[in-house]
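Reader: I'm new to this one. Can you walk me through it?
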Amino acid sequence: MIESKINDWDPRLGDEARAYTSFISQNFPAPKNLTLQAMRERSENVHAKVNEKLIGTFKGIEEERKIKIDENIDIPITIYTPANVTKDKMVIYFHGGGWTIASRKTHQTIVNMLADATKSIWISVAYRLSPEHKFPIWLDDGCEVTRQILANKTAYGADENTKIGVAGDSAGGLIAASVCHTIKNLDFQILVYGAFDFADGTESHKEFTSSEHILTPAVLSWFNSNALRNENDKKDPRASVLLYESFDGIPPCLFIVAELDPLRDDSYEYQKKLEKAGIKTKLVLIKDVIHSFFSLPGIYEKTCGQAIEAVKEFMDSL
């Protein structure tokens, strides 16, 4: 039965995407009921299994800290400092997971690899998740953490002249992009298959809807309903950055895009807006892959390697 389904899959899927989709189908099929606990456990278990051989290979310094954003709330962060750090740049990272699932732990492997490759400090942020903390809480957390790190960057391992940027994948890509509209003195942004418009109206949203694409309309709808308070939030530019009309003070941007991803066209459209506003951008299309590849280098060895090299080249160019 699984074999017949595989034969019906999108023929554009590359070997690594097929290996991942097959692995998920056999070992971690989507729950029939998308309950919060089941989806969070599934995300943690998938990442732990896929990245098993890579976990614990980081040779640098890993430090757990908390950033107090008001009297009663501390946001945990993890600071990853590679052994050969140069301190030219520092990156504040927001993990993906539909604003609802995933964590610093699920994304630790890719952040470790990025820190090593770029010889720079990466700070992974545990912003509060929905539905317990709906928009704008998860975004406000990202803004306040970024603001405090910028104001006290030497306390987090940087030098006075260190360039500070933000990065994120999927839901975290939106957070990173939106933070740049609120915090105006950032030096760069790295957006990996970000979700930049809650309207979900692009052609890629209509094209990639089958189970092998993993991020199906049902899953997207579940994420969105958890993340937002109501329909009006979809019209807020802080949540749907494609609705912004002003791009003053927005830093240079690297887009990393998955070819077979319903969110693909979000990046195309946002890049057009930044380019029109005179913002320096670069877009790297990763061929033959689906959404979520970035945090799963244990299976996506080749494609994650391409993405990491793109990040390194972009940061070196700044």
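Author: Here is a short tour, topic by topic.

Reader: What kind of model is this, and how are residues numbered?
Author: This is a predicted model: local features need pLDDT of at least 70, side-chain atom pairs count only at pLDDT 80 or more, and totals for chains, interfaces and linings use all residues. Residues are numbered from 1 along each chain as its sequence is written, and side-chain values use heavy atoms, with hydrogens and water left out.

Reader: Where does UniProt place the "active site"?
Author: At Ser 170, in an unreviewed entry. UniProt positions follow the numbering used here, feature names are shortened, and annotations may be inferred rather than shown by experiment.

Reader: Where is Ser 170 in the fold?
Author: Ser 170 is in the loop between β5 (163-169) and α6 (171-182). Helices (H or I, at least four residues) and strands (E, at least two) are DSSP runs, numbered from the N terminus.

Reader: Is Ser 170 buried or exposed?
Author: Ser 170 counts as buried because its relative accessibility is 9%. Buried means under 20% relative accessible area, exposed over 50%, and partly exposed in between (1.4 Å probe, protein chains only).

Reader: Which residues is Ser 170 in contact with?
Author: Leaving aside neighbours within four places in sequence, Ser 170 is in contact with Gly 96, Val 192, Tyr 193, Gly 194, Ala 195, Leu 263 and His 291. Contact means heavy atoms within 4.5 Å.

Reader: Which residues does UniProt list for the domain?
Author: The record gives residues 91-294 for "domain: Alpha/beta hydrolase fold-3", again in an unreviewed entry. The end C-alpha atoms of that span lie 16 Å apart. The span is 33% helix and 19% strand.

Reader: New topic. How many residues are in the largest nonpolar core?
Author: The largest nonpolar core has 60 residues. Those with the most contacts inside it are Phe 94, Trp 99, Trp 138, Val 179 and Tyr 270. Helix α6 gives the most to this core, with seven residues. A nonpolar core is a set of buried Ala, Val, Leu, Ile, Met, Phe, Trp, Tyr and Cys residues joined through side-chain atoms within 4.5 Å.

Reader: What does Val 179 touch?
Author: Apart from neighbours within four places in sequence, Val 179 is in contact with Phe 94, Leu 139, Gly 142, Cys 143, Thr 146, Val 166 and Leu 186. There is also a second, separate core of 42 residues, which includes Ala 17, Val 46, Val 289 and Met 315.

Reader: Now pockets. What is the volume of the largest pocket?
Author: About 990 Å³. Of the 47 residues that line the largest pocket, the closest to its centre are Ile 24, Arg 42, Ile 214, Leu 215 and Val 219. On a 1 Å grid over the protein atoms alone, a pocket is an open set of points with protein on both sides within 12 Å along at least five of seven lines, a cavity is a set where a 1.4 Å probe fits but cannot get out, and lining residues have an atom within 4 Å of a point. Grid points are joined across faces, edges and corners, and a volume is the space filled by probe spheres set on the points.

Reader: Which elements give two or more residues to that lining?
Author: For the largest pocket, they are α1 (2-7), α2 (15-27), α3 (36-50) and α8 (217-227). By class, the lining has 25 nonpolar, 15 polar and seven charged residues. Here Ala, Val, Leu, Ile, Met, Phe, Trp, Tyr, Cys and Pro count as nonpolar, Asp, Glu, Lys and Arg as charged, and the others, Gly among them, as polar.

Reader: And the second largest pocket, what gives the most to its lining?
Author: Helix α10 (residues 301-317) does, with four residues. The second largest pocket holds about 150 Å³ of space. Its lining divides into six nonpolar, two polar and two charged residues.

Reader: How many cavities of 30 Å³ or more are there?
Author: One. The lining of this cavity is Leu 54, Ile 55, Gly 56, Thr 57, Gln 108, Thr 109 and Asn 112.

Reader: Last topic, the backbone. Where are cis peptide bonds?
Author: One runs from Ser 130 to Pro 131, with omega near 0°. Another joins Phe 135 and Pro 136, with omega about 10°. Pro 131 is in the loop between β4 (121-125) and α5 (137-151).

Reader: What is the phi of Trp 99?
Author: Trp 99 has a positive phi of about 60° although it is not a glycine. Trp 99 is buried, with a relative accessible area of 3%.
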